[in-house]
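This report introduces a structure to a reader who has not met it before. It treats the sheets, then the open and enclosed spaces, and then one selected residue.

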Amino acid sequence: DPSAAGPNEGPYDERSAAAKQAYAEWMPIRDQLDGRIFRSFAFGGLIDLMMLDTRHWDRDRQTTATDAVTIEDPERTILGPDQEAWLTDQLMSSQARWRFIAQQIVFGPIQVGGSILNPDQWDGYAAARQRVLDSVAQGGSTVILSGDLHSSGAAEIPRDPFDAASYDPETGAGSLAVEFVTPGVTSPAFPPGSNTSVLPQILATNRHIHFADIESRGYMIVDVDADRVQASWFHYTQADIESRRPATPTADTSYVTHWGSNRVTRA
């Protein structure tokens with residue numbers, strides 16, 4: 001976001017170019033001539049994995065959580081026209097048992113007090129999210145893998161999780177996909193105590209979110225076979241993060257989605 005820099009951080013274009021250079025030099029990724037990072041991988045007939053770029057590639061600028069006109073703009077895009085067309089083609093042509101969409105930011109809606117929590121996520125690009133769901137709805141079981149929020153989570157993805165007529169969080173009816181969110185190992189999350197002070201209010205409003213931990217750091221392991229996808233979260237203590245010594249994480253919880261169900265349940 002060009003507006004997110006401090007006064008002494010330099011021009012946005014220069015910082016963006018430096019970030020892309022560092023990413024290309026340090027991440028295990030093959031360079032593409034035009035600088036794109038969106039790409040796909042096939043794992044036999046089990047998984048088609050689609051890797052997106054929701055940060056740099058022709059993305060419309062972020063807006064505020066209260067700017068409903070911009071958020072609902074049907075022309076607004078988070079992927080850019082060519083990447084969005086590529087994703088549509090990937091989803092529609094996939095013959096794999098599972099379709100995985102891996103990308104940087106939380107896909108499903110999150111509201112607090114009747115307003116979206118973070119317009120930097122797909123919540124700030126409502127029409128673009130619905131266009132992706134149009135393609136998701138035409139095919140088989142889809143799992144979305146996300147990060148960025150520095151939190152752990154498992155959620156169902158209906159078109160509108162707040163519409164009781166079209167989605168039932170008790171049965172999963174109306175859900176089109178599922179989303180698993182990974183925390184960061186060292187990136188700070190919400191302040192200590194947030195799981196008891198803040199999280200219950202979020203879960204009460206967002207009933208499509210079936211599990212969340214917003215204060216622990218760690219990682220997520222995804223295990224896949226033909227019948228189910230299981231995500232398991234492993235968390236570290238604050239002392240683990242601050243220590244130079246190797247630490248053993250705590251196995252927190254696991255959630256699973258079964259093929260054809262488009263819902264998540266405790267494993």
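Two residues are taken to be in contact when they have heavy atoms within 4.5 Å of each other. The angle between two elements runs from 0 to 180 degrees and is taken between their N-to-C directions, along axes fitted to C-alpha atoms. The model described here is a predicted one. In these terms, helix H3, residues 81–93, lies across S1, strand S2 (47–51) and strand S3 (98–102). Helix H3 runs at about 175 degrees to S2.

**The seven-stranded sheet**

The strands that H3 crosses belong to an open sheet of seven strands, whose order is S1-S2-S3-S6-S8-S7-S9. The pairing within this sheet is mixed. Its edges are formed by strand S1 (39–43) and strand S9 (209–213), each of which pairs on one side only. On average, and with direction ignored, neighbouring strands of the sheet are turned by 20 degrees against each other.

At the S9 edge, strand S7, residues 152–158, is joined to S9 by four bridges, and the two strands run antiparallel. Within this pair, Gly 153 stands opposite Ala 212 of S9.

**The four-stranded sheet**

Strands of a sheet pair through backbone hydrogen bonds, in either a parallel or an antiparallel manner. A further open sheet is made of four strands in the order S10-S11-S12-S13, with antiparallel pairing. S10 and strand S13 (265–266) stand at its edges with a single partner strand each, so one side of each is left without a neighbour in the sheet.

Strand S10 (residues 217–224) and S11 are antiparallel and are joined by eight bridges. Together, S10 and S11 form a hairpin, with three residues between them. Across this pair, Tyr 219 stands opposite Phe 234 in S11.

S11 is also joined to strand S12, residues 250–258, by eight bridges, and this pair likewise runs antiparallel. Here His 235 has Thr 250 in S12 as its bridge partner. The last pairing, between S12 and S13, is antiparallel over two bridges, and in it Val 256 stands opposite Thr 265 in S13.

Why is strand S11 described as largely enclosed by the rest of the structure? A residue counts as buried when its relative accessible area is under 20%. Eight of the nine residues of S11 (residues 228–236) are buried, so the strand is largely enclosed by the rest of the structure.

**Pockets and cavity**

The table sets out the spaces by volume and by the classes of their lining residues.

| Space | Volume | Nonpolar lining | Polar lining | Charged lining |
|---|---|---|---|---|
| Largest pocket | about 950 Å³ | 14 residues | 11 residues | eight residues |
| Second largest pocket | about 310 Å³ | nine residues | five residues | five residues |
| Largest cavity | about 230 Å³ | 16 residues | five residues | one residue |

The largest pocket, of about 950 Å³, is lined by 33 residues, of which Tyr 23, Met 27, Ile 37, Leu 52 and Gln 104 are the closest to its centre. Helix H1 (12–26), strand S6 (141–146) and S10 each give two or more residues to this lining. The largest share, four residues, comes from H1.

Around the second largest pocket there are 19 lining residues, and those nearest its centre are Glu 72, Gln 111, Ile 116, Asp 123 and Arg 129. Helix H2 (68–71), strand S5 (115–116) and helix H4 (126–136) each supply at least two residues of the lining. H4 provides the largest share, with three residues.

The count of cavities of 30 Å³ or more comes to one. Its lining consists of 22 residues, with Ile 110, Leu 149, Gly 153, Ile 209 and Ala 212 nearest the centre. Gly 153 and Ala 212 also stand opposite each other in the pairing of S7 with S9. The elements giving two or more residues to the cavity lining are S7, strand S8 (175–181), helix H6 (199–205) and S9. S7 contributes the most, with four residues.

**A residue in strand S1**

Arg 39 has its place in strand S1. Leaving aside residues up to four places away in sequence, Arg 39 touches Ile 29, Gln 32, Leu 49, Met 50, Met 51 and Trp 86. How far apart are the C-alpha atoms of Arg 39 and Thr 186? They are separated by 27 Å, while the two residues lie 147 residues apart along the chain.

Key. Residues are numbered from 1 along each chain as its sequence is written. This is a predicted model: local features need pLDDT of at least 70, side-chain atom pairs count only at pLDDT 80 or more; totals for chains, interfaces and linings use all residues. Side-chain values use heavy atoms; hydrogens and water are left out. Two strands pair if DSSP finds at least two bridges between them. Buried means under 20% relative accessible area, exposed over 50%, partly exposed in between (1.4 Å probe, protein chains only). On a 1 Å grid over the protein atoms alone, a cavity is a set of points where a 1.4 Å probe fits but cannot get out, and a pocket is an open set with protein on both sides within 12 Å along at least five of seven lines; lining residues have an atom within 4 Å of a point. Grid points are joined across faces, edges and corners, and a volume is the space filled by probe spheres set on the points. Ala, Val, Leu, Ile, Met, Phe, Trp, Tyr, Cys and Pro count as nonpolar, Asp, Glu, Lys and Arg as charged, and the others, Gly among them, as polar.
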